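Please find below some comments on helix packing and on the ligand site. They are set out as numbered points.

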Amino acid sequence: MPSLDGKVAIVTGAGRGIGREHALALSKSGARVVVNDLGVTLSGEGADTTPAQQVVEEIKAAGGEAIANGENVADFQGAKRMIDEAVQTFGRLDILVNNAGILRDRMLVTMEEGEWDKVIEVHLKGHFAPTHHAAAYWRERSKSGEEIRARVINTSSPSGVFGNVGQANYGAAKAGIAGFTLIAAQELGRYGVTVNCLAPNARTRMTESAYGELAVPEGFDPIDPAHNSPIVVALCADEAQHITGQVFLVHGGAVNALHGWDAGELFYSEMGWDGDALLSELLKRFPDGVAPSGMFEAMARAGGQSMRTL
Ligand SMILES: NC(=O)c1ccc[n+]([C@@H]2O[C@H](COP(=O)([O-])OP(=O)(O)OC[C@H]3O[C@@H](n4cnc5c(N)ncnc54)[C@H](O)[C@@H]3O)[C@@H](O)[C@H]2O)c1
């Protein structure tokens, strides 16, 4: 296991599910951890410090060091307070894992404005705000001559990178997070910060709402949330300093460094196209039409599996 001794990590939404596993794994590797969690319902209501506190107790019982933080990651000033608290308590910040999230699934034709806004806010602004304040902290240290080896790990979703029916709000936010990762990686590399992203899969209350209670198999359980954390620990190692801007799909023992939007079918005309000519070329090249394959088929190609078939 890579040693993260001396490093300080924040994991957002770490009171339960995947974030809890990240916090436990980072602590086991030697990091001191800020366990952030607002303690909301799956759809983002309420507030409760108990889940974060419980994870802190677990870490301490195992001999690690952690504090609970109850800020809302989508609150710009709250995100700053969270970064400041990490630095004030532990003297530094090395790792930010943006993981907090909610769901408000609905077909887009019936989706209400509030369902769109809230999901976009928690995921997209909830990634931007902590990353912004952490980046400002790292930039300042880098400018003062320190060698920085900092990490941001974001959380997208198969829904965002492949597209999933019923999740226009969530999938758009998660696709945005993959795009945000590319840009943040390019901007923050100069300060010694790598920025990568997960597209995780796990049995948590989030997937239970879509698939119902999923039976725990005997032996290896591919949707144990803990499988999503080794890639986080690995990316946080000093040796991974030059791996950045990647989106990793994780499903059980499969970790796939995905290819995102990239050059594809080129339609080129030296003098530019007119609509008629381009339409005939489109029909010639796509005689059977063309459409997204959907999340489950794309996941299978990447080495994962739909939870529907588990
Ligand atoms: N479970 C999966 O299969 C799966 C698949 C793809 C992506 N994800 C993503 O992984 C992340 C973790 O999901 P999970 O399945 O563990 O869900 P979860 O509901 O078990 O945990 C999410 C945690 O985030 C916290 N949270 C929500 N809004 C917050 C806010 N504004 N500020 C601080 N904390 C907040 C919640 O209180 C909760 O404890 C999410 O971003 C989710 O979208 C999960």
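The points below take the helix pairs in turn and then the ligand.

1. This is a predicted model, in which local features need pLDDT of at least 70 and side-chain atom pairs count only at pLDDT 80 or more, while totals for chains, interfaces and linings use all residues. Residues are numbered from 1 along each chain as its sequence is written, and side-chain values use heavy atoms, with hydrogens and water left out.

2. Helices are DSSP runs (H or I, at least four residues), numbered from the N terminus. Axes are lines fitted to C-alpha atoms over the stretch in contact, and angles run from 0 to 180 degrees between N-to-C directions.

3. Helix H1 (residues 17-28) packs with helix H2 (residues 50-61) at an angle of about 25°, the axes being 10 Å apart. H1 is therefore roughly parallel to H2 (angles under 35 degrees count as roughly parallel, over 145 as roughly antiparallel, 65 to 115 as roughly perpendicular and the rest as oblique). On the H1 side the contact (heavy atoms within 4.5 Å) is made by Arg20, Ala23, Leu24 and Ser27, and on the H2 side by Val55, Glu58 and Ile59. By class, these residues are four nonpolar, one polar and two charged.

4. Between helix H3 (residues 76-90) and helix H4 (residues 113-143) the packing angle is about 45°, with the axes 8 Å apart. H3 and H4 are therefore oblique to each other. Phe76, Ala79, Lys80, Met82, Ile83 and Val87 of H3 meet H4 at Phe128, Ala129, Pro130, His132, His133, Ala134 and Tyr137. This contact has 10 nonpolar, two polar and one charged residues.

5. H4 also packs with helix H6 (residues 168-188), here at about 15° and with the axes 8 Å apart. The two helices are therefore roughly parallel to each other. The H4 residues in this contact include Trp116, Ile120, Leu124 and Phe128, and those of H6 include Tyr170, Ile177 and Phe180. The contact divides into 13 nonpolar, five polar and two charged residues.

6. Which residues come nearest to the ligand? Of the 32 around the ligand, they are Arg16, Asp37, Asn99, Tyr170 and Thr204 (a residue is near if one of its heavy atoms lies within 4 Å).

7. Three polar pairs can be checked in the model. A polar side-chain atom of Arg16 is 2.7 Å from a ligand oxygen atom, and an N or O atom in the side chain of Asp37 is 2.5 Å from an oxygen atom of the ligand. At Ile18 a polar backbone atom lies 2.8 Å from an oxygen atom of the ligand.

How values were computed
Ala, Val, Leu, Ile, Met, Phe, Trp, Tyr, Cys and Pro count as nonpolar, Asp, Glu, Lys and Arg as charged, and the others, Gly among them, as polar. A polar contact is a pair of N or O atoms within 3.5 Å; within protein, one must be able to donate a hydrogen and the other to accept it, and residues adjacent in sequence count only if both atoms are side-chain atoms.
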